[in-house]
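Work through the exercises below with the structure open. Try each task before reading its solution.

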Amino acid sequence: MSQPTYTIITGASSGLGKALAIQCAKAGMNLILIALPGGHTHSIAETLAISYGVYVHAFEFDLTDSTILRQQLDYIKGRFSINFLINNAGIGGTASIRETSAEKIDQIIQLNVRSTVQVTHLLLPNLLEHPRSYIMNISSMAAFTPIAYKTVYPATKAFISSFFHGLREELSGTGLSVSVVYPGPIMTNSNTSRRVISQGIKGRMGLLPTSVIARIALRKTMANQPIIIPGIMNRFNLMLMRLLPLGLKLKIVSREVRKEIQYSPA
Ligand SMILES: NC(=O)c1ccc[n+]([C@@H]2O[C@H](COP(=O)([O-])OP(=O)(O)OC[C@H]3O[C@@H](n4cnc5c(N)ncnc54)[C@H](OP(=O)(O)O)[C@@H]3O)[C@@H](O)[C@H]2O)c1
């Protein structure tokens with residue numbers, strides 16, 4: 001009998017990662033869920049396994065700790081056959097750069113950029129062993145423009161976009177398909193919800209339920225689409241933004257984002 005294959009999801013204990021875990025389990029995929037220690041990852045794994053009759057394993061560790069990340073992934077690679085990687089874990093925030101600590105900046109870059117590249121690099125040989133395999137990467141609509149008061153976050157999401165499109169081209173001709181998802185605002189946790197609400201009607205344009213974003217992202221990744229922008233409003237917004245010169249676009253978006261500062265944790 002052939003070995004069961006697994007999908008790894010980073011940041012799977014809440015928000016979009018959890019919604020992706022539910023969609024994947026519904027589709028009959030076995031899962032490896034990764035999140036920080038002390039959360040609900042183990043109970044989510046248990047619930048999904050019972051509800052959908054799939055194998056689900058939970059691993060709790062800090063993805064920004066390179067040594068632990070390598071140890072944990074070596075363990076996972078040695079025991080499971082991985083044919084799908086979902087790079088979802090990511091953090092951001094809204095604050096003036098002058099009010100942001102060096103530690104916070106480093107944390108965003110380490111999680112969004114370094115750990116994502118490390119996880120992908122470590123798992124590539126395993127993914128390439130399969131005739132068909134997938135990498136889904138969660139970027140953001142923020143990748144399409146620099147934004148004041150977010151500065152680091154959109155830059156990390158633009159990195160994800162650039163890195164994975166380059167990787168897709170490099171691996172074309174193999175059975176590994178690489179997709180980048182650009183969600184608009186998602187009310188995944190109390191902070192992002194407060195930030196979206198603070199934007200009024202404009203903030204809610206392009207807002208989709210997390211489960212809908214997860215469903216679209218999974219279906220389109222499996223259809224080998226390189227660029228996935230869930231929601232017609234987000235695609236329309238992007239089209240409009242592309243017509244504006246950079247200076248004007250920066251001013252419009254940054255003015256709106258500035259309103260979020262009071263709702264973002266320091
Ligand atoms: N929310 C939005 O409006 C929005 C819009 C566009 C794109 N996105 C992107 O979508 C992705 C998911 O966002 P979300 O809002 O769903 O996030 P979320 O609800 O804050 O969940 C983040 C997940 O990542 C995990 N995580 C955080 N730091 C970690 C670390 N150092 N090591 C391991 N796991 C860690 C968390 O684990 P714990 O629960 O254990 O802390 C949690 O499972 C991110 O890449 C984000 O940039 C979000």
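**Exercise 1. Strand partners**

Which residue in β5 does Ile 86 stand opposite?

Solution. This is a predicted model. Ile 86 stands opposite Met 136 in β5. Now widen the view to the strands. β4 covers residues 81-87 and is joined to β5 by four bridges. The two strands run parallel. Next, trace the connection. From β4 the chain passes through helix α4 (residues 102-127) to reach β5, and this β-α-β crossover is right-handed.

**Exercise 2. The other neighbour of β5**

Find how β5 pairs with β6, and follow the chain between them.

Solution. Start with the bridges. Six of them join β5 to β6 (residues 176-181), and these strands run parallel. Within the pair, Asn 137 stands opposite Val 180 of β6. Then follow the chain. It leaves β5, crosses through helix α5 (residues 152-170) and arrives at β6 in a right-handed β-α-β crossover.

**Exercise 3. Two faces of a strand**

Sort the residues of β5 by the way they point, and decide whether they are buried or exposed.

Solution. β5 spans residues 133-138. One face carries Ser 133, Ile 135 and Asn 137. Tyr 134, Met 136 and Ile 138 point the other way. Check the cover: six of the six residues are buried.

**Exercise 4. Positive phi in a loop**

Compare Tyr 149 and Thr 151: where do they lie, and how is each classed by burial?

Solution. Tyr 149 lies in the loop between β5 and α5. Thr 151 is in the loop between β5 and α5 as well. Tyr 149 has phi near 70°, positive in a residue other than glycine. For Thr 151, also not a glycine, phi is positive at about 30°. Now count C-beta neighbours inside 10 Å. Tyr 149 has 22, so it counts as buried. Thr 151 has 17, so it counts as partly exposed.

**Exercise 5. Core and ligand shell**

Which helix gives the most to the largest nonpolar core, and which to the shell around the ligand?

Solution. Take the core. It has 63 residues, and Ile 9, Leu 20 and Ala 25 are among those with the most contacts inside it. Helix α1 (residues 15-26) gives the most to this core, with seven residues. Zoom in on Ala 25: its contacts include Leu 31, Leu 48 and Val 56.

Take the shell. α1 gives the most here too, with three residues. Of the 27 residues around the ligand, those that come nearest include Gly 11, Gly 15 and Leu 36. By class, the shell divides into 12 nonpolar, 14 polar and one charged.

Technical notes: Residues are numbered from 1 along each chain as its sequence is written. This is a predicted model: local features need pLDDT of at least 70, side-chain atom pairs count only at pLDDT 80 or more; totals for chains, interfaces and linings use all residues. A residue is buried if 20 or more other C-beta atoms lie within 10 Å of its own, exposed if 12 or fewer, and partly exposed in between; C-beta atoms are placed from the backbone. Two strands pair if DSSP finds at least two bridges between them. A crossover is right-handed if, with the strands pointing away from the viewer, the path from the first strand over the helix to the second runs clockwise. A nonpolar core is a set of buried Ala, Val, Leu, Ile, Met, Phe, Trp, Tyr and Cys residues joined through C-beta atoms within 7 Å. Two residues are in contact if their C-beta atoms, placed from the backbone, lie within 7 Å. A residue is near a molecule or strand if its C-beta atom, placed from the backbone, lies within 6 Å of it. Ala, Val, Leu, Ile, Met, Phe, Trp, Tyr, Cys and Pro count as nonpolar, Asp, Glu, Lys and Arg as charged, and the others, Gly among them, as polar. Lists of a residue's contacts leave out its neighbours within four places in sequence.
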